[in-house]
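Visitor: Could you pick one spot and take me through it slowly? I'd like to hear what surrounds it, and then how it fits into the rest.

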Amino acid sequence: MNVTQSIAIVPLVRDGDYNAGFTADSIDMAKWNHCSILMAGDSSVATNSTMVIYGGATNGAATAAITAPYRWTAVAVGTTASDVWGAWQTAAASFTLTAASLAAGYSLIVEFDASDLNISGTQYRYVTPVIPATGSAGTV
């Protein structure tokens, strides 16, 4: 069996402009019970920023922030032991994107279940990652 027969791999953004900020494509979680969002940067990333993953009732809606655990790779991707992930961090509604980590080639992963889209008693269907403008160069 191919991995894509049991899971969906959905590219959300191509060459996201870290400077201008962006709203990634939404994920429709209607038929899925778990989501993993992977973020990577390049050497041009110069300042810290944040990423917020929102739940919404419609495609593109950014209504309420999801609280989810996250972790970084232990070393830069493409180096020895780049398949090793650091410890899970406490669930957060806003994830710090550390310029030093992104510029060095580290990756961030955020994971959550569809049940985590129940925020303040409302069950949301869509997930939309948002990175605000940083005033800094970089691509993620």
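Guide: Let's start with Phe22 and its company: leaving aside neighbours within four places in sequence, Phe22 is in contact with Val13, Gly16, Asp17, Pro129, Val130, Ile131 and Val140. Contact here means heavy atoms within 4.5 Å. Phe22 belongs to strand 1, residues 22-23; strands are DSSP runs of E with at least two residues, helices are runs of H or I with at least four, and the numbering of each goes from the N terminus. With a relative accessible area of 14%, Phe22 is buried, where buried means under 20%, exposed over 50% and partly exposed in between, using a 1.4 Å probe and protein chains only. For something well away from Phe22, try Gly121: the two sit 99 residues apart along the chain, and their C-alpha atoms are separated by 28 Å.

A word on the ground rules. This is a predicted model, where local features need pLDDT of at least 70 and side-chain atom pairs count only at pLDDT 80 or more, while totals for chains, interfaces and linings use all residues. Residues are numbered from 1 along each chain as its sequence is written, and side-chain values use heavy atoms, with hydrogens and water left out.

Three of the partners of Phe22 are Pro129, Val130 and Ile131, and strand 12 covers residues 126-131. Let's follow that strand to Val127. At 0% relative accessible area, Val127 is buried. Past the four-place window, the residues touching Val127 are Asp25, Ser26, Ile27, Met29, Ile37, Ile53, Tyr54, Ile66, Phe112 and Leu117. One of these, Asp25, is 102 residues from Val127 in sequence, with a C-alpha to C-alpha distance of 8.6 Å.

Next comes strand 2, residues 27-28, where you'll find Asp28. Once residues up to four places away are set aside, Asp28 touches Arg125 and Tyr126. Tyr126 is 98 residues from Asp28 in sequence but 4.7 Å away in space, C-alpha to C-alpha. Asp28 is partly exposed, at 31% relative accessible area.

Leave strand 2 and you come to Asn33, in the loop between strand 2 and strand 3 (34-40). Asn33 counts as exposed at 61% relative accessibility. Beyond the four-place window, Asn33 touches Asp113 and Ala114. Arg71 is another matter: 38 residues along the chain from Asn33, it is 20 Å away by C-alpha atoms.

Now for the rings. There is one aromatic pair, going by centres of Phe, Tyr and Trp rings (the six-membered one for Trp) within 6.5 Å, with planes under 30 degrees apart called stacked, over 60 edge-to-face and the rest tilted. The pair is Tyr70 and Phe95, and with centres 5.2 Å apart and planes at 75°, it is therefore edge-to-face. It ties together distant parts of the chain, as Tyr70 is in strand 6 (residues 68-72) and Phe95 in strand 8 (residues 95-97), 25 residues apart. Tyr70 and Phe95 are both buried.

Two loop residues have backbone angles to check. Ala81, in the loop between strand 6 and strand 7 (89-92), has a positive phi of about 70° without being a glycine. Ala81 is partly exposed, at 36% relative accessibility. Ser120 is another non-glycine with positive phi, near 55°, in the loop between strand 10 (118-119) and strand 11 (122-123). Ser120 is exposed, with a relative accessible area of 77%.

Stepping back, the protein chain has one helix and twelve strands, in the order β-β-β-β-β-β-β-β-α-β-β-β-β from the N terminus. Its radius of gyration is 15 Å, close to the 14 Å that the globule rule gives for 140 residues, so the chain is as compact as a globular protein of that length; the radius is taken over C-alpha atoms, and the rule is 2.2 Å times the number of residues to the power 0.38. Those C-alpha atoms fill a box of roughly 40 × 40 × 30 Å along the principal axes. Of the 140 residues, 38% count as buried. And the long-range links you've just toured have a chain-wide figure: among contacts between residues at least 6 apart in sequence, 76% join residues at least 24 apart.
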